[in-house]
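Reader: I would like a close look at one helix of this model and at what packs around it. Please keep to what can be computed from the coordinates.

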Amino acid sequence: MNIVPQLILNSIIAGSIIAFLAVSFNLIYGATRFFNMAHGTVAIFGGYIAFFFFKTLGWNMYLSAILGILAAGLLGYIFDRIIYLPLRKRKASGMIMLVASIGVFTALQSLIQIFFTSEFQTLSDISVHDRLYTIFGATITQTQIYILIMAFIVAICLIIFLKYTIFGKAVKAISDDEEVAKIVGINTNKIIGLLFFIGSGIAAIGGIAVGFDTGLNPTMGMKLLLHGISAAIIGGVGSVYGAFIGAFVLTFVANFSIFWIPGEWQEAVAFVLLIIFLIFRPRGIIKR
Amino acid sequence: MFSIYAILGVSLNLVVGYTGLVSVTQAAFYGIGAYATALIAKTAGFGFFSSMLIGAIVAGLIGLLIGLVLSKFRDDYYVIVTVGFNIIAYGIFMNWHSLTRGPLGIVAVPRPKIDLFGLHLDFNNNLLFLALVLVFLALIYFLARFIAKSSFGRVLKAIREDEKAIQVFGYNAFYFKLAIFVISAGMAAVAGSFFASYLRFTSPNTFVLMESILILSMIILGGLANLKGSLLGAFILVLLPELMRFVGFPNEIAAEMRQIVYGVILVLLMIFRPSGIMGEYKL
């Protein structure tokens, strides 16, 4: 049996999930130069909220997903307001912000563990069978197709949004120079707060997608984030296209490495790829 | 446990506090030490102390390799690469079944024995074991203090403050950073040896990323670039869960509650007192 088509498909699916993380991480990092270590766990939080409404309360699936996205966005916004904004105002160094976000990550992950246990929870409904499609000998489920379409919609919307709205221009101004942006009258704190909301929301789409695809687990947030960051760095920090391309490069390499290296080592492979990129091409495929 | 964490704290403070490199991979070396000791003592039949020495050397060598890679990076990227190493180390402990027995871990790790000048000390007794660990903590503490006070330590501080300037004076920052990283890895491995023989058991779940974050919290709480601070930080954070049990938190969620407290402590420290209780340097 030829497994290459299936591998390609798997890479594309995994790539689009990672892309949500990578794009949203890039959005926040690009504007604030803040390495948010809690980002992945916020994404997972969104997945869990969707899980709560959908599975525990039995609400409509789409409504639950939207609620999950909004909840994660709100959480990101709140963290920005009460923790990161005061730190930014005090001109705290990047390391201080980073360690603070590690603290947020630790606390949030444990909170999720308390409320939803450390077991795997899956969002997909076992009673209702996913429809399977076959393309060139590879199978794909309906949910996976949705994930794929969502990834492209989000990417296109984001690119248009950042390019053609005043908000997008303000974001660009802030990422070029926050001080100057402030001087010309941009309310930087408000824009960055909004950016946290949007970024965390997009990340939550990734979290929910994981919930539907493989299932959720509290410690997964950090893994997702590491992949997201790797993808963002490989693709080019601060660029939406780059994060997207990086995500696919990463998952293709990791998936195809199973020809030579057993599957358990995929994490290590993804990480080695990151190191190679950091050493030889630290600004990624698409330079900004 | 306090002494073991204190050793880890002191070793990490050399890297983070004195040299200003935020490393989140200390649990990996801790684990390497524990596994190396357990494996060598069990399979090769070496005594505890020689196993410990080999464990420290192995960790130092691996630290050298990792340090070589890390020397390419700074700040944010440095942290993310150390996080990645911790996750890879965990993956190795978990997946290299033929060596580490995966999630089952290694059982029946021997306790140390001393047979010297007709003196028979068998450290099966927990009190004696504590004494032994304390002796080693003292050794490592004074070694670390010696390093910190020596000209070597002054160069490290200078690297932390301004790497370019110290290079202008002709010091090769690269070697200094690498050396301190290796020393710190070896010290963490000693803590790992004691951990393995104290519980007589090692399993991958002790050496997760959270553990590295815990060690980092300890030294930040106690104060960076202050070795006494590391002792204090380890003391507080090891004692805290016991206190929380005393206050009456339900046991099922104790582990999670503890981590929440660690996380909140880190955030509050960063906002209100980034230099910790008695720190001489803030990030």
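Author: What follows describes one helix of chain A, after a note on numbering and confidence. Residues are numbered from 1 along each chain as its sequence is written, while chains are lettered from A and ligands numbered from 1 in the order in which they are written. The model is predicted, and local features need pLDDT of at least 70, side-chain atom pairs count only at pLDDT 80 or more, and totals for chains, interfaces and linings use all residues.

Chain A has an average pLDDT (the predictor's confidence in each residue, from 0 to 100) of 81, and 94% of its residues score at least 70. Within chain A, the lowest confidence falls in strand β1 (residues 132-135), with a mean of 72, and the highest in helix α3 (residues 61-89), at 87. Helices (H or I, at least four residues) and strands (E, at least two) are DSSP runs, numbered from the N terminus.

The helix in question is α11 of chain A, residues 266-280. Its 15 residues should span 21 Å at 1.5 Å a residue, and the end C-alpha atoms are 21 Å apart, so the two values agree. The expected span is 1.5 Å times one less than the number of residues.

In α11(A), the residues A:A270, A:F271, A:L274, A:F277 and A:L278 are buried. They lie on the same side of α11(A), because they cover an arc of only 115° around the axis; the arc is that of the directions from the helix axis to the C-beta atoms. An α-helix has 3.6 residues a turn, so residues three or four places apart point the same way. On the other side of α11(A), A:I276, A:I279 and A:F280 are exposed. A residue is buried if 20 or more other C-beta atoms lie within 10 Å of its own, exposed if 12 or fewer, and partly exposed in between, with C-beta atoms placed from the backbone.

The cover over the buried residues of α11(A) includes α9 (220-235) and α10 (240-256) of chain A, and also α4 (75-95) of chain B.

A:L273 also belongs to helix α11 of chain A. It counts as partly exposed because it has 19 C-beta neighbours inside 10 Å. Not counting residues up to four places away in sequence, A:L273 touches A:I234, A:L250 and A:V253; two residues are in contact if their C-beta atoms, placed from the backbone, lie within 7 Å. The C-alpha atoms of A:L273 and A:G211 are separated by 26 Å, with the two residues 62 apart along the chain.
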